[in-house]
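Visitor: I am new to this structure and should like to learn how its features are read. Where may we begin?

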Amino acid sequence: VVSDAGGEDTLVIHTMDGSAPPLRFDVLDLGRPTELSVSPAGDVVAVANHRLELLSIDIESMTLKRLDQSPDERITGLAWSPDGRFILFMERGVKTRMDIWALPLFGEKKAYQLSNSLFDEQTPQLSPDGRWLAYSSDETGDHEIYVQSFSADGKLGPDKKVISSKGGRLPVWRRDGGELFF
């Protein structure tokens, strides 16, 4: 959670069973967090903030890294790949509407656009095996749910499919990947 009990926004981590005192990250400059997302391994927290930054916090070492910064718009919709190699997020384009971005946490660690159209592409969610990206888009005039293959190197395949038929938002995969809820 984020707490401002000390006058500044601070990340505070609680154990699920309450067996340990909360771990406070008072010394890190988070800005004003707007969104948090914990990595699949539970060792890193991705943070989007009011300064248009995407940050990562290593829980064990209590270190902060700036991963990306938007020149114009707030970063939102944080979603990790199941293997923790990518963080997906949304950012409004200058000439487009909402677009989906990917940030690889390996190699050059440089964010790139996965979608770049005149439509709103939102709420990216990778399947539990990391092979399919589900998201909503309004390219038909209504928000519908789409799926598209997602390669191990973070590229979208040409096989985009509409899954919903009467509207859809906020896709969530069943834990085994056998179903998609929206």
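Guide: Let us begin with residue classes: Ala, Val, Leu, Ile, Met, Phe, Trp, Tyr, Cys and Pro count as nonpolar, Asp, Glu, Lys and Arg as charged, and the others, Gly among them, as polar. Please note that the model is predicted.

Visitor: How many residues of each class are in the lining of the largest pocket?

Guide: That lining has 9 nonpolar, 2 polar and 2 charged residues. The largest pocket holds about 290 Å³ of space. Of its 13 lining residues, Trp80, Pro82, Gln125, Leu126 and Pro128 lie nearest the centre. Two or more lining residues come from each of β8 (76–80), β12 (121–126) and β16 (172–173).

Visitor: Which residues line the second largest pocket?

Guide: Its lining includes Val44, Ser56, Ile57, Asp58 and Trp80. The elements giving two or more residues to this lining are β6 (53–58) and β7 (63–69). By class, the lining of the second largest pocket divides into 6 nonpolar, 2 polar and 3 charged residues. About 200 Å³ of space lies in this pocket.

Visitor: How is a sheet to be read?

Guide: Strands of a sheet pair through backbone hydrogen bonds, either parallel or antiparallel. Here, an open sheet of 4 strands follows the order β4-β5-β6-β7, and its pairing is antiparallel. At the edges are β4 (33–38) and β7, each of which pairs on one side only. From one strand to the next, the twist averages 25°.

Visitor: How many bridges join β6 to β7?

Guide: The antiparallel strands β6 and β7 are joined by 6 bridges. As an example, Glu53 has Gln69 in β7 as its bridge partner.

Terms used
Residues are numbered from 1 along each chain as its sequence is written. This is a predicted model: local features need pLDDT of at least 70, side-chain atom pairs count only at pLDDT 80 or more; totals for chains, interfaces and linings use all residues. Side-chain values use heavy atoms; hydrogens and water are left out. On a 1 Å grid over the protein atoms alone, a cavity is a set of points where a 1.4 Å probe fits but cannot get out, and a pocket is an open set with protein on both sides within 12 Å along at least five of seven lines; lining residues have an atom within 4 Å of a point. Grid points are joined across faces, edges and corners, and a volume is the space filled by probe spheres set on the points. Two strands pair if DSSP finds at least two bridges between them. Axes are lines fitted to C-alpha atoms, for helices over the stretch in contact, and angles run from 0 to 180 degrees between N-to-C directions.
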